[in-house]
Amino acid sequence: MIILVQVMKFRSVSRPMLSVLLPVAALSFLATFCETTLGDDEAYRSIPIEVAASEADQPLFTELSPEASGVTFTHPIDLDHPQKYLYVGGYASAGVAIGDINGDGRQDIFFTGGPVKNRLYIQDVPKDGQIRFRDATPEMIQGGDKWGAGVALVDIDHDGDLDIYVCYYDAPNELFLNKSRVDALEFEEAAKRLGLDIVDASFMPAFCDYDRDGDLDVFITGYQYTDPAGRPKDLPIIEKDGEYSVKPEYEKYYGIIQGLDGRPTFTNTGRPDFLLKNNLSEVRDRDKMTFTDVTAQAGIEGLGVGNSSLWWDYNADGLPDLFIGNDFKVPDQLYRNNGDGTFTDVVRTTFPHITWFSMGCEAGDINNDGLMDLLVSDMAGTSHYRSKVSMGEMSTNAEFLRTSEPRQQMRNALMVNTGTPRFLEAAYITGMANTDWTWAVKLADFDSDGRVDVYFTNGAARMFNHSDLGVSESEKVGKTQWSLWENTPERLEENLVFRNIGDFKFEDASKEWGLFKKGMSYSAAYGDLDNDGDQDLVVTHLNEPASIYINNGTHNRVRIALRGRASNRFGLGATIHLKSQSGKQVRQVMPMAGFLSCNEPFVHFGLGEDETIEELIVEWPSGIRQRLAGLAANHHYLIAEPTEYEPPQDESQPPTTQFVASRIFPALKHIDPDFNDYERQPLLPFKHSQLGPAFAIADVDGDRVFDYYMGRAKGTPRAVYSNKGRAKLGVKDASAFEDASTHEDMGALFFDADRDGDQDLYIVSGSVECDPADASLRDRLYLNDGSGVFSKAATGAIPQIQDSGSVVCAADYDRDGDLDLFIGGRVVPGQFPVTPASHLLRNDSTLGDPKFVNATREVSDTLANTGLVTSAIWSDANNDGWVDLLVTHDWGPVKVFVNEAGPNGRRLVDQTEQAGLADRLGWWNGIAARDLDNDGDIDYVVTNFGLNTTYHPSDKKPELLYYGDFDNTGRPHLVEAKFEKGKCFPRRGLSCSSHAMPFIRDKVETFHNFGLSTLSEIYNDQNLSKSLQLTSNCLESGILINHSDQNQISFSFQSLPRVAQMSPGFGVVLDDFNADGFTDCFIAQNFFSPQVETGRMDSGLSILLAGEGPTESGEIALRPMWPQQSGILIPGDAKAAAVTDFNEDGWKDLLVTVNDGTIEAFENRPHPENEVLQIRLSDQAGNPTAVGSKVTATFKGGAPTQTAEVYAGGGYLSQSDNILTFGCPAGSQPDQIIVRWPDGRVTRTQIPAGTMKVRLNAPKKN
């Protein structure tokens, strides 16, 4: 079916306008190329780009001097200007825009002025290869005495040239309709006639065809007014009937908001934003074109303090969405375009957190996955000193940081698009979280290598946030903020650029690329000033001329201009997808981005060494999808929107995810009442009262259907959930747990405690909501009567353990036929990081008479005081037939206790150093085991805090933790420390540190001194040396690849893929979910319990890694599956992870607990061709599920040999069911099952053809 496209045609009349003659110059070929009309049969035009050869030692950018470029525009700090109070915020900046004003094919530059007039620089014909501009500013567009802000160069009237729209502070915005020719500048001021003469604290315009009717609408960001008389002495508040309001004459400056305490609060207030709809597509007459305010009816509301806004289609539905970056405590907004003229703010359900002081923003695809990401800048210091002198009295903002929704954090935010409604956040892992007081952020492929790089401008007119220069409330009376800060120094900072080297890795290239300029830089725009196809830069500064940076890059590139027909003329809002040999890229045509800036309205793609574009797809705002192929590199392309097109036949099936959110599993909710861990230890890095819940799975009533227990927090009820099939859960009898609400559950484990063959339940008590050795820390054992009804075991059945614990896991380490327990000690309440006691409980039970003995010191010399235990697993690490114990630690290594024969029985000997693991000190959380490389031994995946937090330790720069009496009060305190440039500094700031230890403020006196002081200068070496010291040098989650044999324990460490390091990992499960013969890995992510200055570590969504077996280099291939592939999307504080086939289709499903949230359940989608081999072992009473068995499955037809063990406890506070599953890919069939049973005996069983479910019983003992 051929669809004819309605081409936009308009009537226009002549109007009086300003005309300024320009020197006549010969038209360039590029000017002819850029003429706005193409024939109906022309898809595109192109002309070649001449790429200059690079010169030796030449930086990527060359800054032209003002004398060479002719651009002398300077935005001064004018201390005599009556509106100098505007230098405090973003109004201090000039706006900048790049575009071809006179149609000669060369880009011109427009600057808005505040204390000076607007300037328009027209580019002359280059001479001797050197570009040069002339100030050709007509008086009409100079702005008079108005204070200008943002500017857009955009074709408002759809006539093929760029018009100029300027925002002003408290003065009518101006629109200059462009009627220029190459030899003459002609403008008509038309803002009032068109309804665009808004008078407010207008900041930045952003044009886009949000309703897709073919014309351009505009969103105008509002900032805030400044009271020129300063804050009034008497608050101008009116109270009537208990309601408060501001006196009318002050309403533009101040407002009443609800404070965090719920009380009315008088404060400076933001200004409204405006969404103005263009009617040109309706009237089709430029003379009748007007804009109508549709802000309210579109659903855009509230008073923001907008520093930036951006149209971008974040969800790729073809509709432009709107992001607004707000300053201060006003949350950012993400308005999803509903397609009916209305918008919905979805920022809370889309981003994990946002910036606190949002500055500039821009969208781009930073990881080349075809999805648009978003980078928002803030003002976090790049050095220890800059960070510490700007933190201030954080206690005044603690409640805000703890409760804001979404959470706001003072650092840049890089929102990574996952193709689902939820984004990841990746600023820390890319090294771009802290870039100083940043204004503009520019995402462009500056070196044309095919990856988007990032440029930041920095600095400020004064040291506004220097904590030593603060003022009291009384000093603010009658003064503006500027008058309070006017006599402080300028804040001079370095601009930064980061080269994208792929895989979320960026490197600082500021000096190498010639962009390391120190000053007060604000707005920046990019465009191709010299017509060589790459991105040049224009940057504005305070008190010095704007910088013109010419790009000297030599990689292949293309530059694309669009000419809309049914769409707006320049194709604003279009999405362009490019595919070449190196991969895929995407751009959206949204030139108004960054900070007070407008880029040229063209698109640039860097191609690296690629010489051909295999495919280029343009998705026009009209909905037309245009495909071009075989385009040569190093060309300018002018692409026309088709006048007729054939809609593609979409024969593709919706993508099938590996998992799908379950609709049958009940929404079990964990409630964790808030507890103030910091009352006793104010300098704790993290809370320890929100580390659960656990999850345990077993068949407790003998019906061959698995039942469940989910751990509960102190003060909440609990029960075992009996399963009637397909997750139909109920509670038989909860009376045994009636007095359990005084405990906080940590680890939970089903196992046969009393040798009667059924599943009893052991629960570890933990948390810090009590004193050490409190009765609420006593562990509990519940005995099963065989029908799933539990009773509490008699006193004496287990030792009276009253430590705050973590994990419990079971195995028959001494081969006496019953299951022994390891219970890890997590923390001593109020005394972190003092080592708690861990315990090995030997099972000495007889039938019906449970009896556990604390054999820890009998069995091991070091296990009792092993450290801050987070998890553990019993596994045969050295393949000698005896289960060993692997233990993960906070502030320590993953330890290996090898099970060896001793003179008086089995011993657990610490061989961590021999294993090569002693020096890898992390904040390990979970551990799971399986043969990942199909070599017959067991490998391990260990979860850690990852690479996307404020902590980045290494061997040379470890994180340190001290615990000691630093203030000579007899009370120990915590001190965190880090390294910078070879010096050790305290990690925490002066405010919180001196609150805990007042001597610090007396000693250093100022934030400046604190920022300069090293750790030993503040706390002195003697006190530090006497304190308990812990070290961390590795926060990567990874694989322990097993190289052990019976004579030597040995591991190598392999980091997991970087996307798996996006957030702290906790629960971990290893299973072959897609039955391809290779083990996959699931990791539960996020940690909501850091102290408020650090903020939630909530950047992850949990992750599935698809196993692809061993590589030639000996590593293990685990391919990240993004949420739109895995189907797994968990934005909450995920903790335990377990697998079981709860929908009874033969494939293992996934259950994930969430602290203070609802359990997440995902059903595994069966593979259409692969099959699952299920193996269920049975052994005698005492160990009826054959825990500790090692099972190897061999196959015919090409499937690899696979090995796994039966576990009781592991991961993080997790217990999966006892059925082992092995993948049988298409074309293969099971051959033999080899079982090494818990007692060491080995059996081999041939599998009949077609058999996929096998139940094996242990051989009878002689």
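Two strands count as paired if DSSP finds at least two bridges between them. And a strand, in DSSP terms, is a run of E at least two residues long, just as a helix is a run of H or I of at least four, all numbered from the N terminus.

Okay, so a bit of housekeeping. What we have here is a predicted model, where local features need pLDDT of at least 70 and side-chain atom pairs count only at pLDDT 80 or more, while totals for chains, interfaces and linings use all residues. Residues are numbered from 1 along each chain as its sequence is written, and side-chain values use heavy atoms, with hydrogens and water left out.

Let's start with strand β82, residues 1149–1154. What does it pair with? On one hand there's β81, residues 1134–1140, which runs antiparallel to β82 and is joined to it by five bridges. Within that pairing, valine 1139 has leucine 1150 of β82 as its bridge partner. Then there's β83, residues 1160–1164, also antiparallel to β82, this time over three bridges. There, valine 1152 stands opposite glutamate 1160. The hairpin of β82 and β83 has five residues between the strands, and one to look for is aspartate 1156, with a positive phi near 55°.

Now, is β82 buried or exposed? By buried I mean under 20% relative accessible area; exposed is over 50%, and partly exposed is in between, using a 1.4 Å probe and protein chains only. Six of the six residues in β82 are buried, so the strand is largely enclosed by the rest of the structure. Remember that in a regular strand the side chains alternate between the two faces of the sheet. Here both faces are covered: Asp1149, Leu1151 and Thr1153 are buried on one side, and Leu1150, Val1152 and Val1154 are buried on the other.

On to the cavities. A cavity is a set of points on a 1 Å grid, over the protein atoms alone, where a 1.4 Å probe fits but cannot get out, and lining residues have an atom within 4 Å of a point. Points are joined across faces, edges and corners, and the volume is the space filled by probe spheres set on them. There are 18 cavities of 30 Å³ or more, and the largest is about 360 Å³. Its lining has 27 residues, with Leu1070, Val1139, Tyr1207, Ser1216 and Asp1217 nearest the centre. So there's Val1139 again, the partner of leucine 1150. Among the elements giving two or more residues to that lining are β81 and β77 (1065–1071).

Next, aromatics. Rings of Phe, Tyr and Trp (its six-membered ring) pair if their centres lie within 6.5 Å; planes under 30 degrees apart are stacked, over 60 edge-to-face, and the rest tilted. The structure holds 61 such pairs. One of them is phenylalanine 456 with phenylalanine 498, edge-to-face at 5.9 Å centre to centre and 80° between planes. The first sits in β34 (residues 453–458) and the second in β36 (residues 496–502), so the pair ties together parts 42 residues apart in sequence. Phenylalanine 456 is buried at 0% relative accessible area, and phenylalanine 498 is buried too, at 7%.

Last one: how many disulfides are there? Counting cysteine sulfur pairs within 2.5 Å, the search finds zero. Take cysteine 167: the closest cysteine sulfur, in cysteine 598, is 12 Å away, too far for a bond. Cysteine 167 is also buried, at 0%. That's it from me!

Notes. On a 1 Å grid over the protein atoms alone, a cavity is a set of points where a 1.4 Å probe fits but cannot get out, and a pocket is an open set with protein on both sides within 12 Å along at least five of seven lines; lining residues have an atom within 4 Å of a point.
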